[in-house]
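The following exercises ask the reader to locate features in a protein model and to justify each reading. Please examine the sequence and the structure before turning to the solutions.

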Amino acid sequence: MHENPKRINIMEANTIYKGLEGVTVSETKVGFVDGEAGRLVYRGYNIEDLTEHSSYEEVAYLLINGHLPNAKEYQDFTQVLRKSSELSKEVVDLIWTHSESHPTSLLRTAVSLLGANDRRADHALDKDQKDMGMELVGKIPAIVSSIRRAKDGGKYVSPSPELSMAGNMLYQSTGKKPDKTSERIMDVCLMLHADHGSNASTFSSLVTISTLSDIYSALTSAIGTLKGPLHGGANEMALKLIMKIGKPENVEKVIGDMLQKKEKIMGFGHRVYKVYDPRAKILKGFAREVTQKNGKELLFQTAQKVEDTMIMKLGSKGIFPNVDFYSGMVYDSLGFHPDIFTAIFAASRASGWVARSLEYVSDNKLFRPRSSYIGERGPKEYIPIGKRN
Ligand code: CMC
């Protein structure tokens, strides 16, 4: 058998790209992150234009289908989303029985349960994958809201047909119809987090779908990956840190001590952006507005001081606030507890995961990288257990 010459070259080079940094693994038309210019683009549209003029429903459709929907496409899509946001008894029971669990873990399990109960997932065809994916885009926000509702001791709330997805996220989590400002802020947060290049959770979803597994499995992998504090878990920790610091006067000492101990400050730095994250810029404006409205100016002032201190100390290294630094403050103002921030991130990123998984599998190649073995090559003598020290 002849070996593929390209493979031999890769084996011989034996170069290790830790964390796959700088490695390109696929082509995509879904979204583009320009780390030098600080630009984020979904299917050619600037994130600033989308957050000003569009809605999460349109953005999700755009990411998955490649174009903005016309009126009929929009109506059909929102109908799928609305229908999907009514949760089944099994999922509601799971959430209320395990309401003490970490929200991201519970979300991961709920998505896995949905997959186990959907016979289309057993041998998923292309069309089924897309249908199931779009349903998940509707279901995941409803699961996240219901987790919050269960944690607060309330009863399950059915989605309202009059509300947007963002509005229903707030309604299903509180049982109260949201005011227009809160609905709009939630909508912008959903749009901002919908897609972001080959990040760790998106990559996880691609690895899973590349085995021709089903879309529920791909999103279950992605949610598990998003949970970590170096990825989606950073916003929860960023807000907790700002709260712990308490006031601007404490910032220099706390941040100085942490940096001296080589601790990472959550909500800063990014593998791709070496300038200010454009999502953080948009969220910072909202954070200022909502903290003023809620009488939490001190929180914002403390965060601003953390930002100034970090930029002064590490800006020359390309370390600036990322999306997670201000998103926590915004979610806090909408009444969400820090434990659920990462799950909210997942509620939005579901559309990016689905879009990129479907795109990848349409021109599939199984992911199968190599590791460089640096252990003993042996052969060592096998010693039976009774004779070992
Ligand atoms: N606080 C302090 N120092 C930092 C930070 C930070 N947040 N981020 C990077 N550095 C330093 C790091 O210590 C290293 O210094 P040195 O060169 O002296 O060893 C240098 O900057 C390069 O950092 P790195 O961790 O090797 O770079 P990376 O590209 O692997 O890291 C990152 C990217 C996001 C993992 C990292 O910046 C980090 O851990 N940030 C905190 C966690 C966080 O906010 N994550 C959310 C990312 S945005 C959401 C998303 O899109 O997923």
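**Exercise 1.** Determine whether His-231 is buried or exposed, and state where His-231 lies.

*Solution.* Step 1: His-231 has a relative accessible area of 16%. Step 2: buried means under 20% relative accessible area, exposed over 50%, and partly exposed in between, with a 1.4 Å probe and protein chains only. His-231 is therefore buried. Step 3: His-231 sits in the loop between α11 (215-226) and α12; helices (H or I, at least four residues) and strands (E, at least two) are DSSP runs, numbered from the N terminus. Step 4: leaving out residues up to four places away in sequence, His-231 touches Asn-199, Ala-200, Ser-201, Thr-225, Leu-226 and Asp-324, where contact means heavy atoms within 4.5 Å.

The model is predicted, so local features need pLDDT of at least 70 and side-chain atom pairs count only at pLDDT 80 or more, while totals for chains, interfaces and linings use all residues. Residues are numbered from 1 along each chain as its sequence is written, and side-chain values use heavy atoms, with hydrogens and water left out.

**Exercise 2.** Check the length of helix α12 (residues 234-245) against its expected span, and describe the surroundings of this helix.

*Solution.* Step 1: the expected span of a helix is 1.5 Å times one less than its number of residues. Step 2: for the twelve residues of α12 the expected span is 16 Å, and the end C-alpha atoms are 16 Å apart, which agrees. Step 3: the buried residues of α12 are Ala-234, Asn-235, Glu-236, Ala-238, Leu-239, Leu-241, Ile-242 and Ile-245. Step 4: these buried residues pack against α13 (248-260), α15 (297-314), α16 (323-333) and α17. Step 5: Gly-246 follows α12 and has a positive phi, near 85 degrees. Step 6: Thr-302, in helix α15, is in contact with Ile-242, Ile-245 and Gly-246, among others. Thr-302 counts as buried, at 0% relative accessibility.

**Exercise 3.** Explain why helix α3 (residues 56-65) is described as largely enclosed.

*Solution.* Step 1: the buried residues of α3 are Tyr-56, Glu-57, Val-59, Ala-60, Tyr-61, Leu-62, Leu-63 and Ile-64. Step 2: because eight of the ten residues are buried, α3 is largely enclosed by the rest of the structure. Step 3: just after α3, Gly-66 takes a positive phi of about 90 degrees.

**Exercise 4.** Identify the domains, and explain why the largest nonpolar core lies between them.

*Solution.* Step 1: the protein is divided into domain 1 (31-210 + 347-361) and domain 2 (234-333), with bounds from an automatic or database domain assignment. Step 2: the C-alpha centres of the two domains lie 26 Å apart. Their contact takes 21 residues from domain 1 and 18 residues from domain 2. Step 3: a nonpolar core is a set of buried Ala, Val, Leu, Ile, Met, Phe, Trp, Tyr and Cys residues joined through side-chain atoms within 4.5 Å. The largest such core has 106 residues, of which Leu-107, Met-186 and Leu-219 touch the most other members. Step 4: helix α17 (residues 341-361) gives the most to this core, with twelve residues. Step 5: domain 1 and domain 2 both give residues to this core, so it lies between them. Step 6: beyond its neighbours within four places in sequence, Leu-219 contacts Val-111, Leu-136, Ile-140, Ala-350, Trp-353 and Val-354.

**Exercise 5.** Examine the backbone at Leu-212, Lys-262 and Pro-379.

*Solution.* Step 1: most residues other than glycine have a negative phi, and most peptide bonds are trans. Step 2: Leu-212 has a positive phi of about 65 degrees although it is not a glycine. This residue lies in the loop between α10 (200-209) and α11, and at 62% relative accessibility Leu-212 counts as exposed. Step 3: Lys-262, also not a glycine, has a positive phi of about 65 degrees. Lys-262 belongs to the loop between α13 and α14 (278-293) and is exposed, with a relative accessible area of 76%. Step 4: the peptide bond from Gly-378 to Pro-379 is cis, with omega near 0 degrees. Pro-379 is in the segment after α17.
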